[in-house]
Amino acid sequence: MALRKKVEDLEADIKASNEKYQKLLQNTTMQSMAKMNQEVSFNSGPKVAGMQARSVDIQLVGAQSVGKTSLLEAYTKEFDPPQLAKIQTDKQNTGNFLGRYQIQFQSDSSDSASASSSNVKINFLDCSGNPRAQQHIKEYFTRALWVFVIYDICSLESYASAKELLKQAHAAGCRVLFFGNKYSLEQGGQAAVDIMMAKDTAASVGALAVEGSELKEAIRMVAKDIQSEHQALPATKGS
Ligand SMILES: Nc1nc2c(ncn2[C@@H]2O[C@H](COP(=O)(O)OP(=O)(O)OP(=O)(O)O)[C@@H](O)[C@H]2O)c(=O)[nH]1
Ligand SMILES: [Mg+2]
């Protein structure tokens, strides 16, 4: 199947998943997660063999409120402002748990190492950290080239959930970047996560580890890799 078709299928699946999630949220009856998972069947699409068939370039995952959408918003504001409106509209629609965006990456021309990545459109999948959506988010790991697992440096709980997601994304064959968000720390919060431990944890599965309050450095690290994947299959990542 051509990759363009896979991208179209991904769009359709995301739409269907969001609709099912909205129904799930509307269901006010208390149910166990196990039961809900049986009732809400998400189509994760065909399993793909090679990295080139993965139609999401960067999937953002992590516990609720660690700043995934805020980080993506700030990045978009700097690199591709016309895309901001879609992110902001989706943010208001709390019935969606997946948001797909195509956002331009422009490397700093003074940065010779990434100069060839100056013009790549990156396909992002921003995933909600709502516990009720977690099982379904993992199903999208089969579609992602890179998974950015985000935790809040001031929250051990978010770190515990990130460690779990790191393992799962790695097991699904994704390239993983473990990102410690320093936003809360910069707002006066108390650091709770031992960064050296976090780096060791990432290294144990061959993941990159980055800490910061902006995504651009992390994206710069993987932009070239994403561009190579796009070049390997030229007419595939269109809008
Ligand atoms: N500007 C900014 N705000 C942040 C950041 N991290 C956390 N916040 C604050 O936390 C709130 C929730 O952040 P979101 O970006 O929505 O978090 P999220 O990880 O996308 O959360 P879910 O989508 O619910 O899983 C924001 O409204 C901010 O007040 C950050 O890196 N930058
Ligand atoms: Mg979000």
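This is a short tour of a predicted model, stop by stop, with something to select at each one.

**The whole chain**

Start with the cartoon view of everything. The chain's secondary structure comes to nine helices and six strands. Colour by burial next, and 38% of the 239 residues come up as buried. If you like contact maps, take the contacts with a separation of 6 or more: 76% of them join residues 24 or more positions apart.

**The core, from strand E4**

Now select residues 144-152, which is strand E4. This strand gives the most to the largest nonpolar core, with eight residues. The core has 60 residues, and those touching the most other members are Val-147, Phe-148, Val-149, Leu-177 and Phe-178.

Pick Val-147 out of that group. What does Val-147 touch, leaving out residues up to four places away in sequence? Show Gln-59, Val-61, Phe-141, Ala-169, Cys-174 and Val-176 and you have the set.

**Across to strand E5**

Leu-177 is next, in strand E5, residues 175-181. Is Leu-177 buried or exposed? It counts as buried because 23 C-beta neighbours fall inside 10 Å, and 20 are enough for that label. Draw a C-alpha to C-alpha distance from Leu-177 to Ile-150 and you should read 8.4 Å, for a pair 27 residues apart in sequence.

Beyond its neighbours within four places in sequence, Leu-177 is in contact with Trp-146, Phe-148, Ala-207, Leu-208, Val-210, Ala-218 and Val-222. Keep the last two of those on screen, as Ala-218 and Val-222 belong to the buried residues of helix H9.

**Along helix H9**

Select residues 216-232 to get all of H9. Its 17 residues should span 24 Å at 1.5 Å a residue, and the end C-alpha atoms are 24 Å apart, so the two agree. Even so, H9 has a kink of about 40°, centred on Val-222.

Which residues of H9 are buried? Ala-218, Ile-219, Val-222, Ala-223, Ile-226, Gln-227, Glu-229 and His-230 are. It helps to recall that an α-helix has 3.6 residues a turn, so residues three or four places apart point the same way.

**The end of strand E6**

Step back along the chain to Gly-212, which sits in strand E6, residues 208-212. Gly-212 is partly exposed because 16 other C-beta atoms lie within 10 Å. Apart from neighbours within four places in sequence, Gly-212 is in contact with Lys-182 and Glu-217. Gly-180 is worth a distance label too: its C-alpha atom is 6.4 Å from that of Gly-212, with their positions 32 residues apart along the chain.

**Helix H3 and its two loops**

Go to helix H3, residues 68-79, and click on Ala-74. Ala-74 counts as partly exposed because it has 17 C-beta neighbours inside 10 Å. Its C-alpha atom is 9.8 Å from that of Ser-213, although the two are 139 residues apart along the chain.

In the loop between strand E1 (56-62) and H3, find Ser-65. What stands out about the phi of Ser-65? It is near 65°, a positive value in a residue other than glycine. For context, most residues other than glycine have a negative phi. With 13 C-beta neighbours inside 10 Å, Ser-65 counts as partly exposed.

The loop between H3 and helix H4 (84-92) holds Pro-82. Pro-82 counts as exposed because only 9 C-beta neighbours are inside 10 Å, and 12 or fewer gives that label. Ile-103 lies 21 residues away in sequence and 9.2 Å away in space, C-alpha to C-alpha.

**Last stop: ligand 1**

Finally, select ligand 1 and expand to its shell. 14 residues surround ligand 1, and the closest are Gly-67, Thr-69, Ser-70, Gly-129 and Tyr-183. Which element gives the most to this shell? That is H3, with four residues. Colour the shell by class and you get three nonpolar, ten polar and one charged residues.

Terms used
Residues are numbered from 1 along each chain as its sequence is written. Chains are lettered from A and ligands numbered from 1 in the order in which they are written. This is a predicted model: local features need pLDDT of at least 70, side-chain atom pairs count only at pLDDT 80 or more; totals for chains, interfaces and linings use all residues. A nonpolar core is a set of buried Ala, Val, Leu, Ile, Met, Phe, Trp, Tyr and Cys residues joined through C-beta atoms within 7 Å. Two residues are in contact if their C-beta atoms, placed from the backbone, lie within 7 Å. A residue is near a molecule or strand if its C-beta atom, placed from the backbone, lies within 6 Å of it. Ala, Val, Leu, Ile, Met, Phe, Trp, Tyr, Cys and Pro count as nonpolar, Asp, Glu, Lys and Arg as charged, and the others, Gly among them, as polar. The expected span of a helix is 1.5 Å times one less than its number of residues. The bend at a residue is the angle between axes fitted to the seven residues ending there and the seven starting there.
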